[in-house]
Each structure stands twice: as structure tokens, then as C-alpha cells.
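Grab a pencil and work through these short exercises with the structure open beside you. Try each task yourself before you read its solution.

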Amino acid sequence: MLPARTVWKGKEMATTVGMIGGTGPAGRALAARLAASGAEVLLGSRSAARGEEVAAEVRGRWPDRSLTLSGASNDEAARAGIVVLATPFDAAAETVAALADALAGRVVVSMVNALSRVGGELHALVPALGSVAATVQSVLPRSEVTAAFQHLPAKHLAALDRELRADVLVCASTARAADATGALVESVPGLRAVHAGSLASAGPVEALTAVLVNVNIRYRSHVAVRLEGLRAEGA
Ligand SMILES: NC(=O)c1ccc[n+]([C@@H]2O[C@H](COP(=O)([O-])OP(=O)(O)OC[C@H]3O[C@@H](n4cnc5c(N)ncnc54)[C@H](OP(=O)(O)O)[C@@H]3O)[C@@H](O)[C@H]2O)c1
């Protein structure tokens with residue numbers, strides 16, 4: 001197991017990243033991208049054996065890259081420097097509530113979207129607290145929750161030979177969590193972190209995913225979010 005360390009040097013990223021629910025398309029793709037960008041990633045699962053099986057698949061797909069990616073239980077993943085949640089929306093709160101002790105004091109990044117397929121399109125669902133991220137924060141009072149990465153299609157993230165070029169909107173419960181998440185985002189070449197407010201803004205950010213997927217279905221495309229006119233911080 002990797003050490004449970006948290007590395008906050010200014011806005012440097014935590015060096016160990018845990019993925020809860022990391023065996024799905026989204027989790028394994030982000031895990032591969034982060035590992036390719038220099039992070040040590042623990043790919044978590046309800047079954048550590050399954051986590052290692054999927055981690056081995058990912059390493060095997062990119063044999064020349066020496067990806068620092070290994071399988072783990074969700075509980076082990078929850079003890080990493082920074083933790084990403086990548087379960088289905090209806091499993092998110094229950095999953096993290098069971099890991100609340102391990103996640104205490106940590107930044108938890110939710111990439112979860114609440115979506116429902118209706119006919120040929122996706123609809124955004126609105127959780128009672130406004131967003132999945134806010135729901136996750138409500139069951140993790142000792143953690144700092146952020147929302148990010150919802151708009152990046154797993155297929156793009158997973159194609160390590162393809163350069164990314166996208167903005168990642170970051171909503172955060174605290175300034176420290178915003179900085180840690182922003183640093184994690186920007187550790188990946190081609191991604192720019194844009195601080196988009198508190199978790200009050202996470203609902204619209206999560207819901208936008210349905211719009212983007214519908215655009216992709218309509219135009220057979222893979223669109224990315226990029227904001228025009230943003231001034232560099234401090235400019
Ligand atoms: N797919 C994309 O392109 C994409 C992009 C951005 C964000 N997202 C969001 O990222 C999240 C994950 O997406 P995905 O497509 O990877 O999802 P997924 O394959 O349906 O689920 C991811 C993993 O969650 C675990 N899981 C499934 N049901 C669970 C339950 N009832 N309780 C606890 N864990 C459970 C499973 O891992 P184990 O069985 O190994 O425990 C599964 O491999 C979603 O919320 C999605 O909206 C997806």
C-alpha cells in the first residue's frame with residue numbers, strides 16, 4: 001500500500017492519487033492519464049483483486065510508459081494524498097460514507113454525474129442537495145469535497161497517445177481543496193483548471209455533462225469545454 005501522505009507545497013499536486021470506483025471506464029481512464037503525468041495512482045475497487053486486474057490491463061495497454069498504477073481496495077485508495085470518486089451517482093454517497101474515517105482530512109474530488117437516459121438522449125438529474133458533489137460533502141463533514149473532470153469523455157482520457165486540450169471546471173468547498181484539485185488537473189498536459197466557485201455551482205457543472213453528451217450523439221463528435229476570454233490569474 002502507498003503511504004497515506006498529503007503533499008501540499010503551495011499548489012503542487014499530491015503525488016499519490018486514489019481512485020474510488022476506479023475500475024470503470026471513467027476511473028481507469030483518468031487513472032491512466034494521471035499516472036502518465038507522473039502521479040502514483042491507486043486504482044480502487046470494492047474488490048482489491050479486481051482493482052489489480054484492471055490496473056494490470058491498463059499497464060499492459062501502455063507497456064512502454066511504465067505507468068505507476070496499481071490496484072487496491074477502495075479503502076486503500078481512500079488513504080492516498082488526494083482521492084477521486086468515480087462511482088455511478090446512485091452509489092456515490094453510500095460508498096464514501098462507509099469510507100468516512102479513511103477520507104477524513106483529505107480532498108475528495110467528485111467526477112460523478114447524475115444522468116438518466118431517456119429515449120435517445122441524456123437528461124441531467126438534480127439531487128436533493130443540488131449536486132452529487134454537495135451530497136458527497138454532506139456525508140463527509142471531515143473531508144473537503146470538490147467537483148471536477150465531469151466533462152472529459154473516458155475515451156479521450158484513456159487514449160494516452162492523443163493530446164488533450166480542455167478546460168476543467170473546478171467547484172470546491174474550500175480554497176485549499178480548490179488549489180489541490182487545480183494542481184491535480186494541471187498536472188495533466190493539455191488540461192487547464194478553471195475555478196468555477198463553491199459547491200453551489202457543482203449542480204450546473206454536473207448537469208452540463210448531459211448537454212455535452214447530447215451534442216456528441218447529435219454530431220458524432222467528442223467536444224471539450226474551453227472558455228474564451230479568460231485572463232491568466234494575476235494578469
Ligand atoms: N464514462 C465517462 O466518459 C465519464 C466521464 C466523466 C465522468 N463520468 C462519471 O464518472 C462516474 C463513473 O463512470 P463510469 O462510466 O466509469 O461508471 P461505472 O463503470 O458504471 O462504475 C464505475 C465503478 O464503480 C463501481 N461501482 C459500480 N456500482 C457500484 C455500487 N453500487 N457501489 C459501489 N461501487 C460501485 C464499480 O467498480 P468495482 O465493481 O470494481 O467496485 C465500477 O467499475 C459516473 O458518475 C460518470 O457519470 C463518466
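In what follows, a residue counts as near a molecule if its C-beta atom, placed from the backbone, lies within 6 Å of it. Keep in mind that you're looking at a predicted model.

**Exercise 1. Find which residues come nearest to the ligand, and sort the shell around the ligand by class.**

Step 1: Start with the nearest ones. Out of 24 residues around the ligand, those that come nearest are Gly21, Gly24, Ser45, Ala91 and Ala154.

Step 2: Look for the elements behind them. H1 and helix H4 (89-97) each give two or more residues to this shell.

Step 3: Sort by class. You should get 12 nonpolar, 10 polar and two charged residues.

**Exercise 2. Work out how strands S2 and S3 pair, and whether the residues of S3 are buried or exposed.**

Step 1: Check the pairing. S2 (residues 40-45) runs parallel to S3, with five bridges between the two strands.

Step 2: Pick out one position. Ser45 sits opposite Ser73 of S3; Ser45 also turned up among the residues that come nearest to the ligand.

Step 3: Follow the chain. Together with helix H2 (residues 48-61), S2 and S3 form a right-handed β-α-β unit.

Step 4: Recall a rule. Side chains in a regular strand alternate between the two faces of the sheet.

Step 5: Now apply it to S3 (residues 69-73). Leu69, Gly71 and Ser73 point one way, Ser70 and Ala72 point the other way, and all are buried. That's five of five residues, so to speak a mostly covered strand.

**Exercise 3. Decide whether Val109 is buried or exposed, and find what it is in contact with.**

Step 1: Locate Val109. You'll find it in strand S5 (residues 107-110).

Step 2: Count. A residue is buried if 20 or more other C-beta atoms lie within 10 Å of its own. Val109 has 30, so Val109 is buried.

Step 3: List partners beyond four places in sequence. They are Ile82, Val83, Val84, Leu85, Thr146, Ala148, Phe149, Thr181 and Leu184.

Step 4: Zoom out. Nonpolar side chains tend to be buried together in soluble globular proteins. Here, the largest nonpolar core has 69 residues, and Val109 is among those that touch the most other members, along with Met19, Leu30, Val83 and Leu85. Helix H1 (residues 25-36) gives the most to this core, with eight residues.

**Exercise 4. Find which residues of helix H6 are buried, and what covers them.**

Step 1: Go along H6 (residues 132-139). Six of its eight residues are buried: Val132, Ala133, Ala134, Thr135, Val136 and Gln137.

Step 2: Look around them. The cover includes strand S4 (82-85), H4, S5 and helix H9 (202-219).

Notes
Residues are numbered from 1 along each chain as its sequence is written. This is a predicted model: local features need pLDDT of at least 70, side-chain atom pairs count only at pLDDT 80 or more; totals for chains, interfaces and linings use all residues. A nonpolar core is a set of buried Ala, Val, Leu, Ile, Met, Phe, Trp, Tyr and Cys residues joined through C-beta atoms within 7 Å. A residue is buried if 20 or more other C-beta atoms lie within 10 Å of its own, exposed if 12 or fewer, and partly exposed in between; C-beta atoms are placed from the backbone. Helices (H or I, at least four residues) and strands (E, at least two) are DSSP runs, numbered from the N terminus. Ala, Val, Leu, Ile, Met, Phe, Trp, Tyr, Cys and Pro count as nonpolar, Asp, Glu, Lys and Arg as charged, and the others, Gly among them, as polar. Two strands pair if DSSP finds at least two bridges between them. A crossover is right-handed if, with the strands pointing away from the viewer, the path from the first strand over the helix to the second runs clockwise. Two residues are in contact if their C-beta atoms, placed from the backbone, lie within 7 Å.
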